[in-house]
Amino acid sequence: MQSSQKIRLPSVEFYITNVCNLACEGCNRFNNHRFRGFQTWKEYEPIYTKWAEQVQIPSIAILGGEPLLNPDFMSWLSGIRELWPYAKLTTVTNAYRLNQVSGLYHFLKQHQKNTYLQVGIHNKKNKKFVMNQVNNFLSGPTEVEFDNSDPYNEFMWIRDSNGVSIKVEYNWWFHQGSIIQDLETQRFSLHNSDVDRAHANCSMKTCYTFMHGKLYKCGVVAGQPKPGQMKIIKRDDLVQQIYAWLTFGELNIHGCSATPLAISLCWIQ
Ligand SMILES: C[S@@+](CC[C@H](N)C(=O)[O-])C[C@H]1O[C@@H](n2cnc3c(N)ncnc32)[C@H](O)[C@@H]1O
Ligand code: SF4
């Protein structure tokens, strides 16, 4: 299919593992609950090759869970890079394993024009450790550019002598997640809020997510532990709904009940 005929999704996330080494309170993709599992690139390459024939994506993020804990991470990175060669491609990571992933630095150096890392610091105590990981990973003198435009988070871009770039994001707060765990039964459910008001509140409503070869409206729908309260968008529905969205010029595919109506912020400790 010619690129002008493809459906354009402004940004999409690839969710490649539920595993994480941290358990941040309120993790928006539930990885603090220690759900397990990761996906290999080989298993999903054929389906993503088909997707690449249909959708154009200018901005892609690979995440999880902690993506660098997926033993097949480098295959995902190079596979996605090959299928969408012009996309801005970033990997969102907590950086704990940054210096253990063989080939990562070399790959970023080779693809420095449009391939980066985004490192999140979610814990005041670990700021020094994470910054050490970043500085050990980069090579030679670095240039740093600060961005203080967001009152709740601090950002800085660090670029090294080989052109490898890392965006460091220091989070001041997390909002509560969509999942509820019943303390007696230990069972999980999701909020069941007013569909329109909850969707208006949601900070993830434009985070289209690929998981297990399917495209979901967001990471909450994709990563929820059990299907139930929210409709999962199947591929054919999605194509229809994207056309509707393009026609009506709206960014939201439709409402969602999973976001709590009263959003509370939890300041990072
Ligand atoms: C779920 S994490 C996965 C990637 C990686 N483990 C990390 O922490 O950077 C993806 C992004 O979601 C953000 N995030 C997770 N839970 C959040 C919450 N409750 N509120 C705000 N941002 C959140 C993190 O800061 C991170 O940038
Ligand atoms: S925010 Fe990232 S580091 Fe923290 S629990 Fe979630 S996936 Fe892990």
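This report describes the overall make-up of a predicted model, the surroundings of its two ligands, a pair of helices and one residue ahead of the strands.

**Overall make-up**

The protein has 269 residues, and 33% of them are buried. Its secondary structure consists of seven helices and 15 strands. Contacts can be sorted by how far apart the partners lie in the sequence. Of those between residues at least 6 apart, 72% join residues at least 24 apart.

**Surroundings of the ligands**

Ligand 1 has 17 residues around it. The closest of these are Gly-26, Asn-28, Leu-63, Gly-120 and Phe-174. Two strands contribute to this shell: strand 5, covering 88-93, and strand 10, covering 173-175, each supply at least two residues.

Around ligand 2 stand Cys-20, Leu-22, Ala-23, Cys-24, Cys-27, Arg-29, Asn-31 and Asn-32, and further along the sequence Gly-65, Glu-66, Asn-94 and His-122.

The table gives the classes of residue in the two shells, and those in the helix contact described below it.

| Group of residues | Nonpolar | Polar | Charged |
|---|---|---|---|
| Shell around ligand 1 | five nonpolar residues | 10 polar residues | two charged residues |
| Shell around ligand 2 | five nonpolar residues | five polar residues | two charged residues |
| Contact of helix 1 with helix 2 | five nonpolar residues | three polar residues | two charged residues |

**Helix 1 and helix 2**

Helix 1 spans residues 41-54 and helix 2 spans residues 73-83. Their axes come within 10 Å and cross at roughly 15°. Because angles under 35 degrees count as roughly parallel, helix 1 is roughly parallel to helix 2. The crossing of the two helices is right-handed.

On the side of helix 1, the contact is made by Trp-41, Lys-42, Glu-45, Tyr-48, Thr-49 and Ala-52. Helix 2 brings Ser-75, Trp-76, Gly-79 and Leu-83 to the contact. The residues on both sides divide into five nonpolar, three polar and two charged.

**Ser-3**

Ser-3 lies in the segment before strand 1, which covers 7-8. Is Ser-3 buried or exposed? Ser-3 has 8 other C-beta atoms within 10 Å. A residue counts as exposed if that number is 12 or fewer, so Ser-3 is exposed.

Ser-3 can also be placed relative to helix 1 through Ala-52, one of the residues that helix 1 brings to its contact with helix 2. Ser-3 and Ala-52 are 49 residues apart in sequence, and their C-alpha atoms are 10.0 Å apart in space.

Key: Residues are numbered from 1 along each chain as its sequence is written. Chains are lettered from A and ligands numbered from 1 in the order in which they are written. This is a predicted model: local features need pLDDT of at least 70, side-chain atom pairs count only at pLDDT 80 or more; totals for chains, interfaces and linings use all residues. A residue is near a molecule or strand if its C-beta atom, placed from the backbone, lies within 6 Å of it. Helices (H or I, at least four residues) and strands (E, at least two) are DSSP runs, numbered from the N terminus. Ala, Val, Leu, Ile, Met, Phe, Trp, Tyr, Cys and Pro count as nonpolar, Asp, Glu, Lys and Arg as charged, and the others, Gly among them, as polar. Axes are lines fitted to C-alpha atoms, for helices over the stretch in contact, and angles run from 0 to 180 degrees between N-to-C directions. Angles under 35 degrees count as roughly parallel, over 145 as roughly antiparallel, 65 to 115 as roughly perpendicular and the rest as oblique. A crossing is left-handed if the near helix is turned anticlockwise from the far one by less than a right angle, and right-handed if clockwise. Two residues are in contact if their C-beta atoms, placed from the backbone, lie within 7 Å. A residue is buried if 20 or more other C-beta atoms lie within 10 Å of its own, exposed if 12 or fewer, and partly exposed in between; C-beta atoms are placed from the backbone.
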